[in-house]
Amino acid sequence: MTAKQVPTQSSGSEGDSRLTVDQRKEKRMLSNRESARRSRMRKQKHLDELLAQVTQLKMENAQIANRISFTSQHFMNLDSENTILRTQVMELTERLRSLNSVLKFVEDFSGVDMDIPEIPDALLEPWQLPCPSQPLMADAFPC
């Protein structure tokens with residue numbers, strides 16, 4: 001006899017029902033254990049998926065940070081180049097004004113009519129500068 005089964009002095013039908021109850025309890029306990037095991041397995045699978053997702057997101061984050069760094073450096077380079085170009089435009093504009101004033105002086109002194117073009121303010125109206133049109137080239141950014 002098992003420890004769960006206690007001998008009784010009752011009739012046979014009562015003993016059979018007690019055995020059936022014990023069997024049902026045992027079956028329910030096994031079912032619960034199996035359900036708990038499946039639940040732990042699901043949780044472990046979910047945890048593994050989350051850890052894989054964390055790894056993937058960290059890699060994507062590192063790639064994005066590298067692209068931001070590259071783009072920021074590229075922006076700083078272009079900004080520096082733009083500052084140099086603006087300074088050169090202002091210097092060249094001043095030279096052109098000086099040459100135009102010389103031409104105006106020659107025109108006034110000689111009496112010969114000269115075609116002296118107006119100089120647009122290059123910083124306020126850059127679209128009015130006389131310059132050859134050049135196609136814009138897009139830089140390839142590494143992904």
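These legends accompany five close-up views of a predicted model.

**View 1. Phe105 and Phe109 stack their rings in helix α1**. Let's start with the aromatic side chains, where the count comes to one pair. Its partners are Phe105 and Phe109, whose ring centres are 6.2 Å apart, with 10° between the planes. That angle counts as stacked because the planes are under 30 degrees apart. Both residues belong to helix α1, which covers residues 12–110. They are four residues apart, or about one turn of the helix. Are these rings buried or exposed? Phe105 is exposed, with a relative accessible area of 57%, and Phe109 also counts as exposed, at 71%.

**View 2. A nonpolar patch on the surface brings in two valines**. Keep Phe105 and Phe109 in sight here, as they form this patch together with Val102 and Val106. How much accessible area do the four residues have together? The figure is about 450 Å². Val106 lies in helix α1 and is partly exposed, with a relative accessible area of 34%. For Val106, this value lies in the partly exposed class because it is neither under 20% nor over 50%.

**View 3. Lys104 forms salt bridges with Glu107 and with Asp108**. A search of the whole structure finds four salt bridges, and this view shows the ones made by Lys104. With Glu107, the closest N and O atoms are 3.6 Å apart; with Asp108, the closest N and O atoms are 3.7 Å apart. Glu107 and Lys104 are three residues apart in helix α1, about one turn of the helix. Lys104 and Asp108 also lie in helix α1, four residues apart, which is again about one turn. Which of these side chains is buried, and which is exposed? Glu107 counts as buried, at 12% relative accessibility, whereas Asp108 counts as exposed, at 54%. Lys104 itself is partly exposed, with a relative accessible area of 42%.

**View 4. Glu34 and Arg38 meet in a salt bridge that belongs to a network**. Now move to another part of helix α1, where Glu34 and Arg38 lie four residues apart, about one turn of the helix. Their side chains come together at 3.8 Å, N to O. This contact qualifies as a salt bridge because the nitrogen and the carboxyl oxygen are within 4 Å. Which residue joins them in the network? Arg37 is linked with Glu34 and Arg38 through salt bridges. Glu34 is partly exposed, with a relative accessible area of 31%, and Arg38 is partly exposed as well, at 40%.

**View 5. Four basic side chains gather in a patch of positive charge**. The last stop is a surface patch made of Arg18, Arg24, Lys25 and Arg28. Where does Arg18 sit? Arg18 lies in helix α1. Its relative accessible area is 46%, so Arg18 is partly exposed. That value also fits the patch rule, because members need over 30% relative accessible area. Another part of the rule is that patch residues have no salt bridge, so Arg18, Arg24, Lys25 and Arg28 have none. Compare Arg38 from the previous view, which does take part in a salt bridge, with Glu34 as its partner.

Key:
Residues numbered from 1 in each chain as written. Predicted model: local features only at pLDDT ≥ 70, side-chain atom pairs only at ≥ 80, totals over all residues. Heavy atoms only, no water. Phe/Tyr/Trp six-rings, centres within 6.5 Å; stacked < 30°, edge-to-face > 60°. Helix = DSSP H or I, 4+ residues; strand = E, 2+ residues; numbered from the N terminus. Buried < 20%, exposed > 50% of the residue type's maximum accessible area, 1.4 Å probe, protein only. Patch = residues over 30% accessible without salt bridge, like charges linked within 9 Å, V, L, I, M, F, W, Y side chains within 5 Å. Areas by Shrake-Rupley, 256 points an atom, 1.4 Å probe, with all protein chains shown as cover. Charge placed at Lys NZ, Arg CZ, Asp CG, Glu CD.
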